[in-house]
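Visitor: I am new to this structure and would like a close look at a single part of it. Please begin there and then lead me outward to the surroundings.

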Amino acid sequence: QVQLVESGGGLVQAGGSLRLSCAASGRTFNPYGMGWFRQAPGKEREFVAAIRWSTRVTYYADSVKGRFTISRDNAKNTVYLQMNSLKPDDTAVYYCAADLQGYYGGTSYFKMSRSYDTWGQGTQVTVSS
């Protein structure tokens, strides 16, 4: 069974940067896609970024486009989220997710949390003003 472990969260000042990592362990890892979602206190979980594993095509929420970059290292079974120009509104628990069973989907598919079947435990990101 695949397990996802996030790391890299922490406290940073507005304008700063963080890089989140999500390492997959378990059986042979070949997801259809990987995504990052976040949930702030009192709010619903929202899409942040996703990557189609085979083609490296990426998708972003409008709120992070131009500031965040998702990438993956196939050899390490790891997906990253580089977050630059952080804002207090970016404060949330960040979750990575894997779609291990999908085989077809476009932009909207990758932005839906229900497209993903495996989730990490989350890592806290706090941006101070």
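Guide: The lining of the largest pocket divides into eight charged residues (Asp, Glu, Lys, Arg), three nonpolar ones (Ala, Val, Leu, Ile, Met, Phe, Trp, Tyr, Cys, Pro) and three polar ones (the others, Gly among them). The model is predicted, so local features need pLDDT of at least 70 and side-chain atom pairs pLDDT 80 or more, while totals for chains, interfaces and linings use all residues. Residues are numbered from 1 along each chain as its sequence is written, and side-chain values use heavy atoms, without hydrogens or water.

In total, 14 residues line this pocket (an open set of points on a 1 Å grid, with protein on both sides within 12 Å along at least five of seven lines; lining residues have an atom within 4 Å of a point). Nearest the centre of the pocket lie R38, K43, E46, D89 and D90.

From E46, the path leads into strand β5 (a DSSP run of E, at least two residues), which spans residues 46–52. Six of the seven residues of β5 are buried (under 20% relative accessible area, 1.4 Å probe), so the rest of the structure largely encloses this strand. On one hand, β5 pairs (at least two DSSP bridges) with β4, residues 33–39, in the antiparallel sense over six bridges. Within that pairing, G33 faces R52 of β5. The hairpin of β4 and β5 has six residues between the strands, and G42 there adopts a positive phi near 80°. On the other hand, three bridges join β5 to β6, residues 58–60, again in an antiparallel arrangement. Here A50 has Y59 of β6 as its bridge partner. Five residues separate the strands of this second hairpin, where R56 takes a positive phi near 65°.

Elsewhere, an open sheet of four strands follows the order β1-β3-β8-β7, with antiparallel pairing. The edges are held by β1 (3–7) and β7 (68–73); each has a single partner strand, so one side of each lacks a neighbour in the sheet. Between β7 and β8 (residues 78–83) there are six bridges, and D73 is matched with T78 in β8.

Strand β3 of that sheet also takes part in a disulfide (cysteine sulfur atoms within 2.5 Å), in which C22 is joined to C96 with an S to S distance of 1.9 Å. C22 belongs to β3 (residues 18–25) and C96 to β9 (residues 92–99), so that distant parts of the chain, 74 residues apart, are linked. The link of C22 and C96 is right-handed, with 45° about the S-S bond. Both ends are buried: C22 has 1% relative accessibility, and C96 has 0%.

Technical notes
On a 1 Å grid over the protein atoms alone, a cavity is a set of points where a 1.4 Å probe fits but cannot get out, and a pocket is an open set with protein on both sides within 12 Å along at least five of seven lines; lining residues have an atom within 4 Å of a point. Buried means under 20% relative accessible area, exposed over 50%, partly exposed in between (1.4 Å probe, protein chains only).
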